[in-house]
Amino acid sequence: MFGDMMGQMQEMQAKMKAKLSTIEVSGEAGDGLVRVTANAAREIMNIKIDPSLADDMEALEDLLLVATNRALEAAAEKEAAEGQSMLGDMLPGGLGGLFG
């Protein structure tokens, strides 16, 4: 019984990770001068930097930190929402609303 449940949980985790890797989120800083794109599995996918920042490394570093943290925060929110949805789907009929 418990082995079967563990197998189901591992399968659900694998499905969740696959789904999260397809959901894109982004974070911006400096009114869009720096944009970081991540997926909901919290993997950085892309970084775009406005060329005007090339001469100001300190500002660039600060904006990269802000944009990255915003993207990762958005990824964490998506991950939590997907986890709640998946948990609701696993519960018997009518009990899915207990967590959201």
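**Figure 1. The β2/β3 hairpin.** Strands β2 and β3 run antiparallel to each other, paired over five bridges. Keep in mind for this and every other view that the model is predicted. β2 covers residues 34-39, and β3 covers residues 44-49. One facing pair to look for is Val34, which stands opposite Ile49 in β3. Four residues sit between the two strands of the hairpin. Check out Arg42 in that turn: its phi is positive, at about 65°.

**Figure 2. Asn39 and its polar contacts.** Here we zoom in on Asn39, a residue of strand β2. Is Asn39 buried or exposed? Its relative accessibility is 2%, so Asn39 counts as buried; the cut-off for that label is under 20%. The Asn39 side chain still finds polar company. A polar atom of that side chain lies 2.9 Å from the backbone nitrogen of Ala41. The side chain of Asn39 also makes a polar contact with the side chain of Glu43, at 2.8 Å. Then there are the residues from further along the chain: leaving out anything up to four places away in sequence, Asn39 touches Leu20, Ser21, Ile23, Glu24, Val25, Met45 and Ala75.

**Figure 3. Ile23, in the loop between α1 and β1.** One of the residues touching Asn39 gets a view to itself: Ile23. Where does Ile23 sit? Look in the loop that joins α1 (2-20) to β1 (24-29). Ile23 has a relative accessible area of 16%, so it is buried. Setting aside neighbours within four places in sequence, Ile23 is in contact with Ala38, Asn39, Ala40, Lys78 and Glu82. Ala41 is also worth finding in this view: 18 residues separate it from Ile23 in sequence, while their C-alpha atoms are 8.1 Å apart in space.

**Figure 4. A nonpolar patch on the surface.** Which residues make up the nonpolar surface patch? Ile44, Ile47 and Ile49 do, and together they give a patch of about 240 Å². Ile47 belongs to strand β3, the strand that pairs with β2 in the antiparallel sense. With a relative accessibility of 43%, Ile47 counts as partly exposed. Ile49 has already turned up in the hairpin view, where Val34 stands opposite it.

**Figure 5. A salt bridge within helix α1.** The side chains of Glu11 and Lys15 meet in a salt bridge, 3.3 Å from N to O. Why is the spacing of this pair about one helical turn? Glu11 and Lys15 are four residues apart in helix α1, so about one turn of the helix separates them. The Glu11 end is partly exposed, at 46% relative accessibility. Lys15 counts as partly exposed too, at 47%. As a general point, side chains of opposite charge can pair when their charged atoms come close.

**Figure 6. Lys19 and Glu82, a link between helices.** Lys19 forms a salt bridge with Glu82, and the closest N and O atoms are 2.9 Å apart. This pair ties together distant parts of the chain: Lys19 is in helix α1, Glu82 is in helix α2 (residues 57-90), and their positions lie 63 residues apart in sequence. How do the two ends fare for accessibility? Lys19 is partly exposed, at 42%, whereas Glu82 counts as buried, at 18%. Glu82 is also among the residues in contact with Ile23 from Figure 3.

**Figure 7. The salt bridge of Arg35 and Glu28.** Arg35 forms a salt bridge with Glu28, with the closest N and O atoms 2.4 Å apart. Both ends are easy to describe. Arg35 is partly exposed, with a relative accessibility of 33%. Glu28 is partly exposed as well, with a relative accessible area of 35%. A search of the whole structure turns up four salt bridges.

**Figure 8. Zooming back out to the chain.** To place the close-ups, the protein chain has two helices and three strands, in the order α-β-β-β-α along the sequence. How much of the chain is buried? Of its 100 residues, 22% are buried. The accessible surface comes to about 6,900 Å², and carbon and sulfur atoms hold 55% of that. Among contacts with a separation of 6 or more, 49% are between residues 24 or more positions apart.

Technical notes: Residues numbered from 1 in each chain as written. Predicted model: local features only at pLDDT ≥ 70, side-chain atom pairs only at ≥ 80, totals over all residues. Heavy atoms only, no water. Buried < 20%, exposed > 50% of the residue type's maximum accessible area, 1.4 Å probe, protein only. Polar contact = N/O pair within 3.5 Å; in protein donor to acceptor, adjacent residues only side chain to side chain. Contact = heavy atoms within 4.5 Å. Patch = residues over 30% accessible without salt bridge, like charges linked within 9 Å, V, L, I, M, F, W, Y side chains within 5 Å. Areas by Shrake-Rupley, 256 points an atom, 1.4 Å probe, with all protein chains shown as cover. Pairing = 2+ DSSP bridges.
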